[in-house]
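Reader: Could you walk me through this model with care, and say how each term is defined as we go?

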Amino acid sequence: MNDLSPREERPAPPVEADGTAHLFRALGKQIKTLRELMGITQKELAQRMHVSEDLIGAIERGVRLPQPDFLQRADAVLEARGAAPRLRR
């Protein structure tokens with residue numbers, strides 16, 4: 001099978017030199033759990049939050065750290081009532 005379409009390269013998981021990779025994965029897992037409890041897909045969450053589906057996937061996999069404004073919007077969209085993870089500035 002010869003696939004000539006360009007493939008998106010996923011970022012490598014973060015290096016855990018300072019322990020942050022564990023934090024990234026924990027935040028992502030919590031977002032994923034809340035999303036699944038609502039019964040929506042990554043695509044649906046992305047559309048509701050006006051972000052890319054790739055961003056949702058990267059955050060859920062723990063390869064991107066969600067910014068505080070993302071977490072606030074996720075909390076509202078997922079109707080988490082403050083249960084979505086928070087980052088302090």
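Author: What follows covers confidence, the core, one helix pair and two backbone outliers.

Author: This is a predicted model, in which local features need pLDDT of at least 70 and side-chain atom pairs count only at pLDDT 80 or more, while totals for chains, interfaces and linings use all residues. Residues are numbered from 1 along each chain as its sequence is written, and side-chain values use heavy atoms, with hydrogens and water left out.

Reader: What is the mean pLDDT of the protein?
Author: The mean pLDDT is 80, and 71% of the residues reach 70 or more, pLDDT being the predictor's confidence in each residue, from 0 to 100. Among the elements, helix 2 has the highest mean, 97, and helix 1 the lowest, 89; helices here are DSSP runs of H or I with at least four residues, numbered from the N terminus.

Reader: OK, the core. Which residues touch the most other members of the largest nonpolar core?
Author: Ile31, Leu45, Met49, Ile56, Phe70, Ala74 and Leu78 do, out of 15 residues in that core. Such a core is a set of buried Ala, Val, Leu, Ile, Met, Phe, Trp, Tyr and Cys residues joined through side-chain atoms within 4.5 Å, where buried means under 20% relative accessible area, exposed over 50% and partly exposed in between, with a 1.4 Å probe and protein chains only.

Reader: And which helix gives the largest share of this core?
Author: Helix 4 does, with four residues.

Reader: What is isoleucine 56 in contact with?
Author: Beyond its neighbours within four places in sequence, isoleucine 56 contacts Gln42, Leu45, Ala46, Met49, Val51 and Phe70, contact meaning heavy atoms within 4.5 Å.

Reader: Switching topic, how do the axes of helix 1 and helix 3 cross?
Author: The axes of helix 1 (residues 20–38) and helix 3 (residues 53–61) come within 6 Å and cross at roughly 120°, so helix 1 is oblique to helix 3. Axes are lines fitted to C-alpha atoms, for helices over the stretch in contact, and angles run from 0 to 180 degrees between N-to-C directions; under 35 degrees counts as roughly parallel, over 145 as roughly antiparallel, 65 to 115 as roughly perpendicular and the rest as oblique.

Reader: Which residues in helix 3 take part in that contact?
Author: Ile59, Glu60 and Arg61 in helix 3 meet helix 1 residues including Phe24, Ile31 and Arg35.

Reader: Last thing, where does histidine 50 sit, and what is its phi?
Author: Histidine 50 lies in the loop between helix 2 (42–49) and helix 3, and has a positive phi of about 60° although it is not a glycine. Histidine 50 counts as exposed, at 73% relative accessibility.

Reader: Is glutamate 79 buried or exposed?
Author: Glutamate 79 is exposed, with a relative accessible area of 61%; phi of glutamate 79 is also positive, near 50°.

Note on methods
Helix = DSSP H or I, 4+ residues; strand = E, 2+ residues; numbered from the N terminus.
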